[in-house]
Amino acid sequence: MVHALRRAGGYLRRGGMLVSIRPHRTWRPSVAIVAGRRRLPVATLLNPAFERNLQAAELALERVVDEGSFSLAGVRSARYRTYLARPSQVRTYLELINPPRPRFPRGARARLNDMWDSAPRGARIEVAESLVVTALRRR
Amino acid sequence: MATTELSAYPGEGFEPALIERFVSLHHKRVLEVGCGDGRLTFQYAPRALSVLAIDLDRPSIEEAVFEQRARGPSNVDFRLSSIERLNAPGAPFDVALFSWSL
């Protein structure tokens, strides 16, 4: 990763900006059932393998700053939400994510189904995910 | 609260708006690393001067080129390449974007 950042930096003009968009490492994806203004949390998804990759990305960005070829211009985190019509779409949604994919903790998928069965008419399933944007300025 | 076409990525315009909190893409020369099928590229390219968008996945690049032929824009050069092996015409760039690829 450090090598890729260095290479990209080599193609940037002085003062140019390197921007990384990637999933947030600590704001994990979560699943909830929403009905009107009510929001019932179901589970926070797990993805330990991916968290290691994201940590490596953070370290690589820090390293090229430490090396002096970039300065940190800013970091911003954001959350985005997708609304699904039924539990079967949750599986489809997760399959759209590039591996390694997040998974439900033990028992949480069954809890989703149970909660869905008792959810009011018009309810939706909310999947909330987060990303982080890091901007580095080429020195 | 409408259920839209299923995607595991943010909605159209969400990521460009975040990027532009740090740097305007207007009339800029952009290198995008890990462009995939051009999902994000097509969102910001109309504002950019030129875009060199690379990815290692051949089917994704082919899909991006197919989509580009169907809907434009014409200022994007999609290429099958890694950043390590890139021969980069258009350099130096104003912005290097690692789109979900670091």
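Guide: Helices (H or I, at least four residues) and strands (E, at least two) are DSSP runs, numbered from the N terminus. Residues count from 1 along each chain as its sequence is written, while chains are lettered from A and ligands numbered from 1 in the order in which they are written. The model is predicted, so to speak with care: local features need pLDDT of at least 70, side-chain atom pairs count only at pLDDT 80 or more, and totals for chains, interfaces and linings use all residues.

Visitor: Let's try a loop, then. Where does B:H27 lie?

Guide: B:H27 is in the loop between α1 (14-19) and β1 (29-33) of chain B. Its backbone is worth a look. Most residues other than glycine have a negative phi, and most peptide bonds are trans. B:H27 goes the other way, with a positive phi near 60°.

Visitor: What kind of peptide bond joins B:G72 and B:P73?

Guide: A cis one, with omega about 0°. You'll find B:P73 in the loop between α3 (58-71) and β3 (76-80) of chain B.

Visitor: Back to B:H27: buried or exposed?

Guide: Count the other C-beta atoms within 10 Å of the residue's own, all placed from the backbone: 20 or more is buried, 12 or fewer is exposed, and in between is partly exposed. B:H27 has 10 of them and is exposed. B:G11, in the segment before α1 of chain B, has 12 such neighbours and also counts as exposed. The C-alpha atom of B:G11 is 10.0 Å from that of B:L40, which sits 29 residues away along the chain.

Visitor: How do I read strand pairing in chain B?

Guide: Two strands pair if DSSP finds at least two bridges between them. In chain B, β1(B) runs parallel to β2(B) over five bridges, with B:L31 opposite B:L52. β2(B) also pairs with β3(B), again parallel over five bridges, and there B:D55 stands opposite B:L80.

Visitor: Why is β2(B) said to be largely enclosed?

Guide: Five of the six residues of β2(B) (residues 50-55) are buried, so the rest of the structure largely encloses this strand. In chain A, β1(A) gets a similar description because nine of its twelve residues are buried.

Visitor: What does β1(A) pair with in chain A?

Guide: With β5(A), antiparallel, over seven bridges. A:R22 faces A:V132 in that pair. β1(A) also reaches across to chain B, where six bridges join it in parallel to β4(B), residues 93-99. Along that join, A:V19 has B:L97 as its bridge partner, and A:S20 stands opposite B:F98.

Visitor: How many residues does each chain put into the contact between A and B?

Guide: Residues touch here if their C-beta atoms, placed from the backbone, lie within 7 Å. Chain A brings 33 residues and chain B brings 30. On the chain A side, the elements giving two or more residues are α1 (2-11), β1 (12-23), α2 (48-67), β4 (70-84), α3 (87-96) and β5 (124-138). β1(A) gives the most, with nine residues.

Visitor: What is the mix of classes on that side of chain A?

Guide: Ala, Val, Leu, Ile, Met, Phe, Trp, Tyr, Cys and Pro count as nonpolar, Asp, Glu, Lys and Arg as charged, and the others, Gly among them, as polar. That gives 22 nonpolar, six polar and five charged residues.

Visitor: And which residues of α1(A) and α2(A) meet?

Guide: A:V2, A:L5, A:R6 and A:G9 from α1(A) meet A:A60, A:L61, A:R63 and A:V64 from α2(A). The class tally for this contact is five nonpolar, one polar and two charged. For the geometry, axes are lines fitted to C-alpha atoms, for helices over the stretch in contact, with angles from 0 to 180 degrees between N-to-C directions. The axes of α1(A) and α2(A) come within 9 Å and cross at roughly 50°. That makes the two helices oblique, the label left over once angles under 35 degrees (roughly parallel), over 145 (roughly antiparallel) and 65 to 115 (roughly perpendicular) are taken out.

Visitor: One last residue: what does A:T134 touch?

Guide: Leaving out residues up to four places away in sequence, A:T134 touches A:S20, A:L61 and A:V75. A:T134 lies in β5 of chain A and is buried, with 23 other C-beta atoms within 10 Å. A:G74 is 60 residues from A:T134 in sequence, but their C-alpha atoms are 6.0 Å apart.

Notes:
Contact = placed C-beta atoms within 7 Å.
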